[in-house]
Amino acid sequence: MPAYLLDVDTGIDDALALAYLAALPDTEFVAVTATPGNVDADQVARNTLALLELCGRPDVQVAVGARKPLSIPLLTTPETHGPQGIGYAVMPEPVGQLSPRNAVDLWIEHARDRPGELTALITAPLTNFALALRQEPQLPDLLAKVVIMGGAFYHQGNTTPTAEWNTHVDPHAAKEVYAAYRGRPLDKLPIVCSLDTTERMELHPAHVTALAQAAGAAVPERVLPEDPEGRRSTSDNTLVRHLSDALRFYFEFHRRYDQGYLAHVHDFFAAGVAAGTLEYTARPATVDVETDSPLLVGTTVADFRGLWGAAPNARIVATNNPEQAFRELVSAVGSLARRVAQDR
């Protein structure tokens, strides 16, 4: 049974990633932890708990860790993900309670209890992971696999001209994480899903329509570019309705920035890499992060040729297959939405 430690900043694409993993057979969510990023950490945790309940996973332990980056003020992004972090979706109030435990303590405890068993997926700024590495430097050896969504190498940044959002929110944490992996065996290095390949994950309105069909929704789900902004879904399938309302906001955001009526679903791709269900290739590199320059803060730099004379500390995803990925997404999440609706 695949077993995951997740750290998220839910977040529209985090929500899609969580729904996708919840859809896979026998997925065990050991713990899902909240890092501030798209919204503050407490809102992240509420969004995550509510989303997991909608996905039929009411008993997952959800915990808050850090409430701010290591060294700089917190920057959130309501213009991208909406004031509550999930676009136009209005989540039901979660029935369950957040864990009173600290996220960092949970990660360390679970990793020590199950060495070599757990896959770590981080779709948020690396604050909690950096703090966990400070407390337990052997965490890279204890975890079976680590997948990080973050960074931009040969791709324009999505926050500044050179910086990707997650890394820009807490560049000092990212720098610490990559430093912690220097000298580690190649198979223990984190797999990094950067904008170079996640921006190829362009989800379109047709995918939302197909998702509703796969869920067996009686009401066709059509999200159209000519719709008035803010129109809400009328789907009779609860999970489809919430994901559609979240994604509509994301479509409108991307169009506002001249990227088209689409959504880059970065975190879904990272989830598929963690699960081993999506096609990709990766290249070893030595990664570092700029933390001092006002012009370049949050910029990730990769040395693929050994020019720094330092050992690789990451495996950067180089290729992927969006067509295969979206077939997998529609099939898996559509089936989940159908099952959850039948169980209600």
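The following questions and answers concern a predicted model and its local geometry, burial and contacts.

Reader: Which residues does the UniProt feature "domain: Inosine/uridine-preferring nucleoside hydrolase" cover?

Author: The feature comes from an unreviewed UniProt entry. Over the stretch concerned, the chain is 36% helix and 16% strand, and the end C-alpha atoms are 25 Å apart. The record places the feature at residues 5-324.

Reader: At roughly what angle do the axes of helix H1 and helix H11 cross?

Author: Helix H1 spans residues 12-23 and helix H11 spans residues 238-256. Their axes come within 9 Å, and the crossing is left-handed. The angle between the axes is roughly 145 degrees.

Reader: How many nonpolar, polar and charged residues make the contact of H1 with H11?

Author: From H1, the contact is made by Ile12, Asp13 and Leu16. From H11, the residues are Leu243, Ala246, Leu247, Phe249 and Tyr250. Asp counts as charged, and the division by class is 7 nonpolar, no polar and 1 charged.

Reader: Is threonine 80 buried or exposed?

Author: Threonine 80 is located in helix H3, residues 78-81. Leaving aside neighbours within four places in sequence, its contacts are Ile12, Phe249, Tyr250 and Phe253. The relative accessibility of threonine 80 is 12%; because the cut-off for burial is under 20%, threonine 80 counts as buried.

Reader: What distance separates the C-alpha atoms of threonine 80 and phenylalanine 249?

Author: These two residues are 169 residues apart along the chain. Phe249 is among the contacts of threonine 80, and Phe249 also takes part in the contact between H1 and H11. The C-alpha separation is 8.0 Å.

Reader: Which two residues does aspartate 227 touch, not counting residues up to four places away in sequence?

Author: Aspartate 227 lies in the loop between helix H10 (205-214) and H11. With 10% relative accessibility, aspartate 227 counts as buried, because burial requires a value under 20%. Its C-alpha atom is separated by 9.9 Å from that of a residue 21 places along the chain, arginine 248. The residues touched are Arg222 and Arg248.

Reader: With which residues is alanine 337 in contact, leaving aside its neighbours within four places in sequence?

Author: Alanine 337 is found in helix H13, residues 322-343, and at 1% relative accessibility this alanine counts as buried. The C-alpha atoms of alanine 337 and valine 240 are separated by 6.6 Å, although the two are 97 residues apart along the chain. The contacts are Ala215, Asn237, Leu239 and Val240.

Reader: What is the relative accessible area of threonine 48?

Author: Threonine 48 has its place in helix H2, residues 41-54. Leaving aside neighbours within four places in sequence, threonine 48 is in contact with Val8, Thr10, Leu18, Val32 and Val62. Threonine 48 is buried, and its relative accessible area is 1%.

Reader: What is omega for the peptide bond that joins threonine 10 and glycine 11?

Author: Most peptide bonds are trans. The bond that joins threonine 10 and glycine 11 is cis. Glycine 11 lies in the loop between strand E1 (3-8) and H1. Omega for this bond is about -5 degrees.

Reader: Near what value is phi of aspartate 26?

Author: Most residues other than glycine have a negative phi. Aspartate 26 has a positive value and lies in the loop between H1 and strand E2 (28-34). At 52% relative accessibility aspartate 26 counts as exposed, because exposure is set at over 50%. Its phi is near 65 degrees.

Reader: Is aspartate 258, another residue with a positive phi, buried or exposed?

Author: Aspartate 258 has its place in the loop between H11 and strand E8 (263-264). Its phi is near 60 degrees. The relative accessibility is 76%, and as the cut-off is over 50%, aspartate 258 counts as exposed.

Reader: How many disulfides does a search of the whole structure find?

Author: A disulfide is a covalent bond between the sulfur atoms of two cysteines. Cysteine 55 is buried, at a relative accessible area of 3%, and cysteine 193 is buried at 0%. For a pair to qualify, the sulfur atoms must be within 2.5 Å. The number of disulfides found is 0.

Terms used: Residues numbered from 1 in each chain as written. Predicted model: local features only at pLDDT ≥ 70, side-chain atom pairs only at ≥ 80, totals over all residues. Heavy atoms only, no water. Axes fitted to C-alpha atoms, helices over the stretch in contact; angles between N-to-C directions. Helix = DSSP H or I, 4+ residues; strand = E, 2+ residues; numbered from the N terminus. Left-handed = near helix turned anticlockwise from the far one by under 90°. Contact = heavy atoms within 4.5 Å. Buried < 20%, exposed > 50% of the residue type's maximum accessible area, 1.4 Å probe, protein only. UniProt positions renumbered as here; feature names shortened; annotations may be inferred.
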